[in-house]
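Please open the structure in your viewer and keep the sequence beside it. The tour below proceeds from one selection to the next.

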Amino acid sequence: MRRVVVAALAVAVAVLVPAAPAYAHNRLTSSTPAEGARLEAAPAQIALTFAESLNPVYTQVIVSDAAKARVAVSDPVVDGATATVTLAGAPAHGVYTVAYRVVSKDGHPVQGSYAFTVGSGVPSAAPEVTDPASTAAPPAAGGPPTGVVALVAIGAVVLVAGGAVAFRFSRRRTTPAAS
């Protein structure tokens, strides 16, 4: 019986381990201008570099001033793990907030914000980043949806456990009835 239980657990682990989700998500690794930077003159561009490649379709970068008014920027240009926007004109002195929402090639959305200062000023609250077309991230390319993997894994565990129980009961010795 012990061997059956050990074998059932080994099969369950073998089925579940590949189905475990990846917990490492993309993150901002650097930016130009940097978080908290104090600049004498406004930058012409803002570049955000992430740890993993970005999906250009789902990359948003919004820049706002201290009054939370949006600053005109170009659509993001994505080159691998870097998204760059060009400012339309030179912003006045003050605090600017860069908010981003990106989706990695693996389908995971990541969002955040940071502030930098041109001249003098006090940091403001970050603007909300929304995607008017869709708020859902696309499924990861190249693999089945997570729900399907979970259902297959659960089915495998039930099948193995049921097989172990059936095997155990089929091997029981029966004593002949006395006549």
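Which side chains along strand S3 (residues 45-50) point to one face and are buried? Select S3: Ile46, Leu48 and Phe50 are the buried ones on one face, while Gln45, Ala47 and Thr49 point to the other face and are not buried. Buried means under 20% relative accessible area, exposed over 50%, and partly exposed in between, with a 1.4 Å probe and protein chains only. Strands are DSSP runs of E with at least two residues, numbered from the N terminus. In a regular strand the side chains alternate between the two faces of the sheet.

This is a predicted model, in which local features need pLDDT of at least 70 and side-chain atom pairs count only at pLDDT 80 or more, whereas totals for chains, interfaces and linings use all residues. Residues are numbered from 1 along each chain as its sequence is written, and side-chain values use heavy atoms, without hydrogens and water.

Next, add strand S1 (residues 28-32), which pairs with S3 in the antiparallel sense over four bridges; two strands pair if DSSP finds at least two bridges between them. Thr32 has Ala47 in S3 as its bridge partner. Then select strand S7 (residues 82-86), which runs antiparallel to S3 and is joined to S3 by five bridges. Here Val85 in S7 stands opposite Ile46.

Return to Phe50 and select Tyr100 in strand S8 (residues 94-103). Both Phe50 and Tyr100 are buried. Their ring centres are 5.3 Å apart and their planes stand at 75°, so the pair is edge-to-face (centres within 6.5 Å, planes over 60 degrees apart).

Key. Rings of Phe, Tyr and Trp (its six-membered ring) pair if their centres lie within 6.5 Å; planes under 30 degrees apart count as stacked, over 60 as edge-to-face and the rest as tilted.
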